[in-house]
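Please look over the sequence and the model below before reading on. The briefing after it is meant for a reader who is new to this structure.

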Amino acid sequence: MENAGKKSTTMLWIFKGLLVLLLNVIFYAIVVLCAVEVCKFSYEFSHEIFGEVMSEPAPGRDIVFKIDKDEDVLNISKRLESQRLIKSAYPFYIKMKLSMSSTTVVVAGEHRLNTSMTSDEICEKILRGVGQ
């Protein structure tokens, strides 16, 4: 009788050990998968800021884009995204903010942009130095 109790206690400890091991494997697999997704998102986001990204391959299509006087840079970025001139508004917004200085302004008016232009080319078209 005592021998049967020892066997069941041993089996219970083995079962608990395997269960803990299985839960640890699942937990760390989820952590690794989340880390991979964060790395992919970070790479794509930074590539859109610093890389040569265009919305469509050449030749693209021409679009006349109008910028109002005193329009916010974030609003411009969102409208560029909605007209499919850029892939994403937030990386472009950061790129524009990094490109701007105290002597750079957004040029109000109509701009002829193409969907195959890179985000750097679009920035060059819509930004201008104050003395230029």
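The points below cover confidence, one helix and its surroundings, and one pair of helices.

This is a predicted model, in which local features need pLDDT of at least 70, side-chain atom pairs count only at pLDDT 80 or more, and totals for chains, interfaces and linings use all residues. Residues are numbered from 1 along each chain as its sequence is written, and side-chain values use heavy atoms, with hydrogens and water left out.

**Confidence**
- The protein has an average pLDDT (the predictor's confidence in each residue, from 0 to 100) of 89, and 94% of the residues score at least 70.
- Confidence is highest in α2, at 94, and lowest in strand β4 (residues 127-129), at a mean of 78.
- Helices (H or I, at least four residues) and strands (E, at least two) are DSSP runs, numbered from the N terminus.

**Helix α2**
- V73, I76, S77 and L80 are buried (under 20% relative accessible area, 1.4 Å probe, protein chains only) in helix α2, residues 73-82.
- Seen down the axis of α2, these buried residues fall within an arc of 100° (taken from the directions from the helix axis to the C-beta atoms), so they line one face of the helix.
- The buried residues of α2 pack against β1 (62-67), α3 (89-99), β2 (104-106), β3 (109-114) and α4 (119-126).
- R84, just after α2, takes a positive phi of about 60°.

**Helices α3 and α4**
- The axes of α3 and α4 (lines fitted to C-alpha atoms over the stretch in contact, with angles from 0 to 180 degrees between N-to-C directions) cross at roughly 55° and come within 11 Å.
- That makes α3 oblique to α4 (neither under 35 degrees, nor over 145, nor 65 to 115).
- On the α3 side the contact (heavy atoms within 4.5 Å) is made by F92, K95, M96 and S99, and on the α4 side by S119, D120, I122, C123 and I126.

Note on methods:
Buried means under 20% relative accessible area, exposed over 50%, partly exposed in between (1.4 Å probe, protein chains only).
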